[in-house]
Amino acid sequence: MDGESSGVLKRDRVREFLLELVESRRPGDAIPSERTLCGRLGVSRPTLRAAVDELVATGVLVREHGRGMFVAPEKITQEMVSDDHSLALPQAGGTWSSRLLEFTTMPAGARVGRRLRISPAAEITYVARLRIVDEAPMAIEYLHIPAELVPGLTAEELEGGDLYEHLRTQHGVHVREATQSIEPTVTSEAESRLLDVPVLSPALLFERLTTDTSGRNVEYVHSVYRGDRYRIVSRLTLGAASTADAHHPGMPPDAAGFGAAVRSMTRGDVHGAD
């Protein structure tokens, strides 16, 4: 075994030890010092720090200068699961609120116009808002709604309550379903300031296109969520029907009979109450 492979195995062993240590403690509890951990595990300080840096970046540990390492706050969890009788998803944990960053009317432009199936010159209501959970910044959300659908939309509607409920009761827009994609990204300098994380921190990029009961595209949203505080949980089921050469993340390529039961998302509170 070469030195590089040996180093990777050592780092993995340290990482597993630290994860077990975290699971036995509560958020905010201290982790033993680097010197203590190096002695206990028989590894060098660079090996230990590489594992710790990874767990800090993924939101498992918090390093405080001059104080040491601590178990990070619990992550906000969103379950991508619905039962057989409803396409609605459970709300994410925590108490959610919003703070408006920008609220204006502007031309849709070519890109947003294509998504909403409207003219690039058609006006949209553009909203940027900071999503806050239990008083901590969690995400930056950018909404694009055809302006003709929401005359008189107020800042109060965007900062409090369920936005889709406001659309239904105040503007006659009955949301029916949405298609949403999720992919990894990193935070820009501006996003990092708003989310209170280091520049280029791991993050999740959400894009959602929402339609109403008549099939109109009524909302296009893209959002940046903190990767250290937010996680997605899906329910995966084993079934008889499967494509033999399909790839399923996290599953061996020869795992037969694998099917994913991840359903369409139909509510704007996929990430908590709007």
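**Helix α2, an aromatic cluster and the salt bridges**

Let me begin with a single residue, Glu34, which has a relative accessibility of 16% and therefore counts as buried, the cut-off for that word being under 20%. Please keep in mind throughout that what we are looking at is a predicted model.

Glu34 has a charged partner, for it forms a salt bridge with Arg45, and the closest N and O atoms of the two are 3.6 Å apart. This pair links distant parts of the chain, since Glu34 belongs to helix α2 and Arg45 to helix α3, which covers residues 45-57, with the two positions 11 residues apart in sequence. Unlike the buried Glu34, Arg45 counts as partly exposed, at 35% relative accessibility.

Now to the helix itself. Which residues of α2 are buried? In this helix, which runs over residues 34-41, they are Glu34, Leu37, Cys38 and Leu41. Looking down the axis of α2, we find these buried residues within an arc of 100°, so they line one face of the helix. The spacing makes sense in general terms, because an α-helix has 3.6 residues a turn and residues three or four places apart therefore point the same way. Arg35 and Gly39, on the other side of α2, are exposed, and just after the helix comes Gly42, which takes a positive phi of about 70°.

Let me step back to the whole protein for a moment. It contains 7 helices and 13 strands, and of its 274 residues 41% are buried. Among contacts with a separation of 6 or more, 59% are between residues 24 or more positions apart. The accessible surface comes to about 14900 Å², and carbon and sulfur atoms account for 51% of it.

Next, the aromatic side chains, where the structure holds 5 aromatic pairs. For Trp96 and Tyr230, the ring centres are 6.4 Å apart and the planes stand at 90°, so this pair is edge-to-face. Because Trp96 lies in strand β5 (residues 96-107) and Tyr230 in strand β11 (residues 230-234), the pair ties together parts that are 134 residues apart in sequence. Both Trp96 and Tyr230 are buried, and together with Phe206 and Tyr225 they form one aromatic cluster.

On the surface, by contrast, Val186, Val199 and Leu200 form a nonpolar patch, with about 270 Å² of accessible area together. Val186, which sits in strand β8 (residues 175-186), is partly exposed, with a relative accessible area of 42%.

I would like to return, finally, to the salt bridges, of which a search of the whole structure finds 14. The general idea is that side chains of opposite charge can pair when their charged atoms come close. Asp53 forms such a bridge with Arg63, the closest N and O atoms being 2.8 Å apart. Here too distant parts of the chain are linked, as Asp53 is in helix α3 and Arg63 in strand β2 (residues 61-64), 10 residues apart. Both partners are partly exposed, Asp53 with a relative accessible area of 39% and Arg63 at 40% relative accessibility. Which residues are joined into one network by salt bridges that share partners? They are Arg15, Glu16 and Glu54. Within that group, Glu16 and Arg15 have their closest N and O atoms 3.3 Å apart, and each is partly exposed, Glu16 at 42% and Arg15 at 26%.

How values were computed. Residues are numbered from 1 along each chain as its sequence is written. This is a predicted model: local features need pLDDT of at least 70, side-chain atom pairs count only at pLDDT 80 or more; totals for chains, interfaces and linings use all residues. Side-chain values use heavy atoms; hydrogens and water are left out. Helices (H or I, at least four residues) and strands (E, at least two) are DSSP runs, numbered from the N terminus. Buried means under 20% relative accessible area, exposed over 50%, partly exposed in between (1.4 Å probe, protein chains only). Contact means heavy atoms within 4.5 Å. Accessible areas come from the Shrake-Rupley method with a 1.4 Å probe; for residues, only the protein chains shown count as cover. The arc is that of the directions from the helix axis to the C-beta atoms. Rings of Phe, Tyr and Trp (its six-membered ring) pair if their centres lie within 6.5 Å; planes under 30 degrees apart count as stacked, over 60 as edge-to-face and the rest as tilted. Patches are made of residues with over 30% relative accessible area and no salt bridge: like charges are joined within 9 Å, nonpolar side chains (Val, Leu, Ile, Met, Phe, Trp, Tyr) within 5 Å. A salt bridge is a side-chain nitrogen of Lys or Arg within 4 Å of a carboxyl oxygen of Asp or Glu.
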